[in-house]
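Trainee: Please take a close look at one buried acidic residue and its surroundings. Then carry on to other parts worth a look.

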Amino acid sequence: MANVMPKAEVGVTAGLVRHLLSSQHPDLAGLPVTFLASGWDNTLYRVGDRLVARLPRRALGAETIVNEQRWLPELAPALPLPVPYAERVGAPNLMYRWHWSLTPYLPGEPVSAGGDLDWDAAAVALGEFLRALHVPAPKDAPLNPFRGCWVGNREDSFRSNLTSASGQVDTDAALRAWASATAAPLYDGPSVWLHGDLHPANILAHEGKISGVIDWGDMTAGDPATDLSVAWAVLPPEHHDAFWKAYGTDNDALRARAHGWALRLGLVFLAFSDDSPDMLAIGQRTLSRVLGPA
């Protein structure tokens, strides 16, 4: 059976967005509403030139958008890259049963879309961004059992996705890399803030520079290795040293755990790429770096 993006549980249309604006934010009701993108959990429409309406398309997105509304406005001022914090929030009504957000429009295209990028600057920007983000999180930070944990907790998912991607990846090399990652010393530091889903489709670039980090639905706290997998997901190997230097912390155990998260991420993208060439390309690029020199 094909692995495809989950189906929407509610229909999110431009007409729905216009209705919600008219009833809850009438000062914006006259602005043009145009489709921007749809992911696994949310659908996005531009509202005028400056705002984006972010509406969950399934129940899981409805749960996580509340975390974004609660925490991103607090985190955003300390981060060196723009993030789409909620400037305004929307409430459920008879036409739409979930909370929703209006966030700033961030210029740029996902790094996964290709285009020229200053890789030296990108490595430094991502390293500095994660150094600023990875500070101890409060005890009431969102919980996410699938991110920020020991990478070995995702063993079943790893093996299932490796089976799904058979024929597209060197299975023996993947198993060796996984064994190395799960054998690394466990994280024993404080639980730090994490983006939780940091990959090329959630990182924007504009005019050759990293311009923003989007889609914070999986934000949580835990082992920073989860986010640091972005080194393999985004950067060519020759720019990894600049990334780790900008991040300011690099040890064998941390790198090994991050390497394992990157391996798992690459397999997820391969396994669920049947209806997405972009997802396939992300998985292929990530695994080519992961299964090369670590």
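Mentor: D227 lies in helix 6, residues 225-228. The model is predicted. D227 is buried, yet has no salt bridge. The nearest side chain of opposite charge is R147, and that is 7.5 Å away. A salt bridge needs the nitrogen within 4 Å of a carboxyl oxygen, so R147 does not form one with D227. A backbone group does come up to the acid: the nitrogen of G196 lies 3.0 Å from a polar atom of the D227 side chain. Beyond four places in sequence, D227 is in contact with L130, L133 and H134. The stretch W193, L194, H195, G196, D197 and L198 also touches D227.

Now the strands. Strand 8, residues 203-206, runs antiparallel to strand 6, residues 109-110, and two bridges join them. L204 in strand 8 is the bridge partner of P110. Strand 8 also pairs with strand 9, residues 209-213, through four bridges, again antiparallel. Here H206 stands opposite K209 of strand 9. Two residues sit between strands 8 and 9 in this hairpin, and E207 takes a positive phi near 55°.

Last, a loop residue. V169 is found between helix 4 (155-164) and helix 5 (171-183). V169 counts as buried because its relative accessibility is 12%, and the cut-off is under 20%. Leaving aside neighbours within four places in sequence, V169 is in contact with L162, L267, L287 and L291. Take L291: V169 is 122 residues from L291 in sequence, but their C-alpha atoms are 9.1 Å apart in space.

Key: Residues are numbered from 1 along each chain as its sequence is written. This is a predicted model: local features need pLDDT of at least 70, side-chain atom pairs count only at pLDDT 80 or more; totals for chains, interfaces and linings use all residues. Side-chain values use heavy atoms; hydrogens and water are left out. Buried means under 20% relative accessible area, exposed over 50%, partly exposed in between (1.4 Å probe, protein chains only). Lys and Arg count as positive and Asp and Glu as negative; His and the chain ends are not counted. A polar contact is a pair of N or O atoms within 3.5 Å; within protein, one must be able to donate a hydrogen and the other to accept it, and residues adjacent in sequence count only if both atoms are side-chain atoms. Contact means heavy atoms within 4.5 Å. Two strands pair if DSSP finds at least two bridges between them.
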